[in-house]
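Open your viewer and get comfortable. This tour goes from the whole chain to a handful of aromatic side chains, one selection at a time.

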Amino acid sequence: FQSVIEKERKGDYLGKTVQVVPHVTDEIKQWIQSVSSVPVDGQTRPADVCVIELGGTVGDIESMPFIEALRQLSFSLGKDNFCLIHVSLVPVLGVVGEQKTKPTQHSVRELRALGLTPDLLACRSAQPLIGSAKEKLSQFCHVPVENILNIHDVPNIWHVPLILRNQKAHEAIIKQLNLSRSAGPPELRDWTLMAESYDNLSTSVKIALVGKYTNLSDSYLSVVKALLHASVACSQKPSIQWVSASDLEDATAASAPDAHTKAWETLKGSSCILIPGGFGDRGISGMILAAKYARENKVPYLGICLGMQISVIEMSRHVLGLGNADSEEFNTDTPDCVVMYMPEVSKTHLGNTMRLGCRRTFFRKPDCLTSKLYGNPPHVDERHRHRYEVNPSFVPMLENAGLQFVGCDESGNRMEIVELQDHPFYIGVQFHPEFKSRPRKPSPPFTGSDTGSD
């Protein structure tokens, strides 16, 4: 939409009335086609297939321009170059126990009314679809039975590609896109081993995740997945202990003593502590107490973005004796502003003003723990998402107290990684390593396996 508005302001439409169709839909199509032509995975030519996900529910007003753009795209590309997979839920009525196909029938009918006909149906269900349900879907949705895929509940999500392969989903897609000559059989041997290995894990590790949004665990989905990848790499199942940062605070001890006691019991009963990113001052005091507990009791600690800044505030208050130490985000009048606005960031416009994307972090001390975790490279490239940074004027004081800033940006002034001396594992990173974690390539700060600190 922004692109369309900018073009209109420049006069690219020559005074014509700007409309959703064709201007917005054309912009969507051009974006898809431009992305699909970009080489990936180090190859010199474009990928064979570009996957487009249109989220939401069919009929939502927000998705209408995108559905229309895909309709136009499918028509211009032709059937051999466009494969539409419609994902739908097949619920089961508790009393009757029957798999109901009506929701899928209605959503397909709505989709066809908008000009798109599914080539495959991906049906979510608790149990495998029975034959009669597939036949009914095929009859009323005009989709061949062999193109009706069932993604039922599995022991772990890594089984999903395996059940799709067993239903020959790849063959249906290859046939639809006319790629039989260039496509080979899927190589899922390592993936199968990984999925089965997780099912056979017997030991678990308790990880206290201290955050603000613990009532909605999806808020930390990337962190949870990164913990899963790292735990499996260490042959353990992750047992995430959700701790609301506010429940750790002294004020909660008076207002809700049971919640306060339970939160501290959970924290102390965990093998390690992780504080993820976040915004706002709610729960900050609880996070500081959690970081203090990890520091004093030698509990493995990983702070991500805000979690790193919390470790700096905690050390400043309880080791340097700066009782008013704080972040400019939480207290603009503090005399000891140990975490400050980045100079180049707008203080009035919050949208699209953060330090975003992949940035390079250089190791100031090559023999540090984090460098070893990454395999001793001179630098690492990780994704960032923040508008505050450690105040450089406090760095010497903190380092003299034992909090070592072992990573920085190319300028040498912006601190990116901290480690605590004389602690088995106490690391804070300004970037978000969870964003680059993968099932068979876990993020090094989450794993710690290279030093035996897992």
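## A first stop at Tyr198

Start by selecting tyrosine 198, which is buried at a relative accessible area of 15%. Now add tryptophan 158: its relative accessibility is 5%, so this residue counts as buried. Please keep in mind throughout that you are looking at a predicted model.

Show both side chains together. Tryptophan 158 and tyrosine 198 make an aromatic pair in edge-to-face geometry, with 5.9 Å from centre to centre and 70° between the planes. What does this pair tie together? Tryptophan 158 sits in the loop between β3 (148-152) and α6 (160-166), while tyrosine 198 belongs to helix α8 (residues 189-199), so the pair links parts that are 40 residues apart in sequence.

Before leaving, select lysine 237 as well. Lysine 237 lies over the face of tyrosine 198, 5.0 Å from the ring centre.

## On to helices α11 and α12

Next, select tryptophan 264 and tyrosine 293. Their ring centres are 6.2 Å apart and their planes meet at 75°, so this pair is edge-to-face. Colour the helices and you will find tryptophan 264 in α11 (residues 257-268) and tyrosine 293 in α12 (residues 284-296); the pair therefore ties together parts 29 residues apart in sequence.

Are these two residues buried or exposed? Tryptophan 264 counts as buried at 17% relative accessibility, and tyrosine 293 is buried too, with a relative accessible area of 17%.

## A cluster of three

Now pick Tyr213, Tyr220 and Trp242, which form one aromatic cluster. If you would like to keep hunting for rings, the structure holds seven aromatic pairs.

## Zooming out

Return to the cartoon view of the protein chain, where there are 16 helices and 15 strands to trace. The C-alpha atoms fill a box of roughly 75 × 65 × 50 Å along the principal axes. Of the 454 residues in the chain, 46% are buried.

Switch on contacts between residues at least 6 apart in sequence: 66% of them join residues at least 24 apart. Then turn on the surface, whose accessible area comes to about 23,800 Å², with 51% belonging to carbon and sulfur atoms.

## Last stop: confidence

Finally, colour by pLDDT. The mean over the protein chain is 92, and 97% of its residues reach 70 or more. Where should you look for values under 50? Select residues 450-454: pLDDT stays under 50 there, and the model has 13 contacts beyond four places in sequence for this stretch.

Note on methods:
Residues are numbered from 1 along each chain as its sequence is written. This is a predicted model: local features need pLDDT of at least 70, side-chain atom pairs count only at pLDDT 80 or more; totals for chains, interfaces and linings use all residues. Side-chain values use heavy atoms; hydrogens and water are left out. Rings of Phe, Tyr and Trp (its six-membered ring) pair if their centres lie within 6.5 Å; planes under 30 degrees apart count as stacked, over 60 as edge-to-face and the rest as tilted. Helices (H or I, at least four residues) and strands (E, at least two) are DSSP runs, numbered from the N terminus. Buried means under 20% relative accessible area, exposed over 50%, partly exposed in between (1.4 Å probe, protein chains only). A charge sits over a ring if NZ of Lys or CZ of Arg is within 6 Å of the ring centre and within 35 degrees of the ring normal. pLDDT is the predictor's confidence in each residue, from 0 to 100. Contact means heavy atoms within 4.5 Å. Accessible areas come from the Shrake-Rupley method with a 1.4 Å probe; for residues, only the protein chains shown count as cover.
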